[in-house]
Structures are given as C-alpha cells and as structure tokens.
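Biologist: Could you walk me through this one? I would like to hear the reasoning behind each label.

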Amino acid sequence: MQNWMSSIQENCPEGTQVVLIANKSDLAQEDREVTKEMGKELAEKFGVAFFEVSALDGSNVNEIFVQLSRTILEKHPKIAVDDTGKHLLQGKTNRPPSNSC
C-alpha cells in the first residue's frame with residue numbers, strides 16, 4: 001500500500017482524489033484477509049476515504065462514485081450540473097471536436 005500511495009503522489013497531479021476500496025464485503029469477518037478496522041486505519045493513515053464493497057452483490061459501489069463526485073464538485077466550484085444531472089465545466093460544451101469520429 002505504501003508503494004501505491006508513493007506512486008500516486010509522485011505521478012498524479014496535486015489534488016487527485018484517492019479512495020481506499022476493500023472488496024468482498026459480502027464475506028464473513030473471519031474469512032477476510034483485511035478487517036474493516038484495518039482498512040479504516042490504513043485509510044486514516046494516508047488521509048483518504050475508505051469504502052468496503054462487494055462485487056458479488058454491488059453493495060456500496062455507487063456510494064464511492066457519489067462521494068468522489070461530491071468531493072470534486074466541492075473542490076472545483078467551476079463545475080456545473082445541468083438539468084439532466086450531467087456535470088459540465090463552465091464555458092465548455094459536451095460536443096466533440098469537429099475533427100473527431
């Protein structure tokens with residue numbers, strides 16, 4: 001985990017949003033490689049949000065994207081939300097460049 005966090009810090013732009021995601025939350029605590037408490041402690045150590053998810057039943061997956069979206073919107077006030085819920089940068093359009101496919 002330390003290597004991944006170092007790599008993120010070295011290679012990603014400042015302000016990049018990072019979350020720690022533990023999969024297999026559908027397993028019983030005794031069957032897990034990493035406990036929920038261990039995940040929370042690690043996330044706290046690195047100053048990132050922590051989520052437990054299950055790819056099996058899809059639990060908590062949407063919550064990750066909702067939280068990331070909220071954080072990005074709070075940190076970048078120039079991002080707007082149109083009537084359909086699409087997030088658009090102010091002054092930009094969703095239209096592709098005229099030379100695109």
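Modeller: Happy to; we will take a few residues and a core in turn, keeping in mind that this is a predicted model.

Biologist: Why is Arg-32 called buried?

Modeller: Arg-32 has a relative accessibility of 16%, and buried means under 20%, so Arg-32 counts as buried.

Biologist: Where is Arg-32, and what is it in contact with?

Modeller: Arg-32 sits in the loop between strand 1 and helix 2. Neighbours within four places in sequence aside, Arg-32 is in contact with Lys-24, Ser-25, Leu-27 and Glu-52.

Biologist: What makes the pair of Arg-32 and Leu-27 a polar contact?

Modeller: A polar atom of the Arg-32 side chain lies 3.2 Å from the backbone oxygen of Leu-27. The cut-off is within 3.5 Å, so the distance fits.

Biologist: And why does Asn-60 count as partly exposed?

Modeller: Its relative accessibility is 28%. Partly exposed lies between the 20% and 50% cut-offs, so the label fits Asn-60. Asn-60 belongs to the loop between strand 2 (49-52) and helix 3 (61-75), and has a positive phi of about 75° although it is not a glycine.

Biologist: Which residues form the largest nonpolar core?

Modeller: There are seven: Met-5, Leu-20, Ala-22, Ala-43, Phe-46, Val-48 and Phe-50. At least two of this core's residues come from strand 1, and at least two from helix 2.

Biologist: What is Val-48 in contact with, beyond its neighbours within four places in sequence?

Modeller: Those contacts are Met-5, Val-18, Val-19, Leu-20 and Ala-43.

Key. Residues numbered from 1 in each chain as written. Predicted model: local features only at pLDDT ≥ 70, side-chain atom pairs only at ≥ 80, totals over all residues. Heavy atoms only, no water. Helix = DSSP H or I, 4+ residues; strand = E, 2+ residues; numbered from the N terminus. Buried < 20%, exposed > 50% of the residue type's maximum accessible area, 1.4 Å probe, protein only. Core = buried A, V, L, I, M, F, W, Y, C linked by side-chain atoms within 4.5 Å. Contact = heavy atoms within 4.5 Å. Polar contact = N/O pair within 3.5 Å; in protein donor to acceptor, adjacent residues only side chain to side chain.
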